[in-house]
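Student: Hey, can we go through this protein together? I'm new to reading structures.
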Amino acid sequence: LRLRERFVARGDPADLFVQRRARVSDPWSPLAPLDAAEPINTAANEWDPFLSLDGLTLWLQRESMVEIRLFRTRRASVGSPFGLLEAIDVSAAGPNPGSPSLPADGRAVVFADADEIWFAPIDASGGVGPPSVLVPDPDRVFEFEPLVRPDGCELFWVREDSELGLLLVHARRAP
């Protein structure tokens, strides 16, 4: 994978920016605001950007004083502006979904909420289905920041343990 574009959350409140380069060996450009049909950065915190493997869909979370929501925005081609933000309803998981991550096939979105790791299927038309718990949390430890390996066979996340502190944990499944 040749990384020529990356998305960064910075500031307080956090805003999203993009950096680009023509070749992998080139330095990154200065941070620039996202090109989009509507402003993505607001007075709320926008963070945890996740770009789909094809480079056409950007997922993010927005945290305001009253709620945290997942959003996505799409574009026609890499380098073109993103379209309108679409709120993703995964409220059945809890009130604070965050840290979206997707496997390369784009058939599910994985996220954290209510101290657990969840997934919601994505159908062929892009519709997001009801969420299900992927990593249950019977001990009520804090589970967050999931990242799915592109082939979907491994999941990494952070667990806050009261005795050990922050741990990077993972789970595998057969292809």
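Tutor: Sure, one term to start: helices (H or I, at least four residues) and strands (E, at least two) are DSSP runs, numbered from the N terminus.

Student: OK, so how do the elements run from the N terminus on?
Tutor: They go β-β-β-β-β-β-β-β-β-β-β-β-β-β. That's 14 strands and zero helices.

Student: Is this a predicted model, or what is it?
Tutor: It's a predicted model: local features need pLDDT of at least 70, side-chain atom pairs count only at pLDDT 80 or more, and totals for chains, interfaces and linings use all residues. Residues are numbered from 1 along each chain as its sequence is written, and side-chain values use heavy atoms, leaving out hydrogens and water.

Student: Cool. What share of the residues is buried?
Tutor: Of the 175 residues, 42% are buried, meaning under 20% relative accessible area with a 1.4 Å probe, protein chains only.

Student: And which residues make up the largest nonpolar core?
Tutor: There are 12 residues in all, including Phe 50, Trp 59, Ile 88 and Trp 118. A nonpolar core is a set of buried Ala, Val, Leu, Ile, Met, Phe, Trp, Tyr and Cys residues joined through side-chain atoms within 4.5 Å.

Student: Which strands each supply at least two residues of this core?
Tutor: β9 (108-113) and β10 (116-121) do.

Student: What does Ile 88 touch?
Tutor: Skipping residues up to four places away in sequence, Ile 88 touches Trp 59, Arg 69, Leu 70, Phe 71, Arg 72 and Val 128. Contact here means heavy atoms within 4.5 Å.

Student: New topic: what box do the C-alpha atoms fill?
Tutor: Roughly 45 × 40 × 35 Å, taken along the principal axes.

Notes:
Buried < 20%, exposed > 50% of the residue type's maximum accessible area, 1.4 Å probe, protein only.
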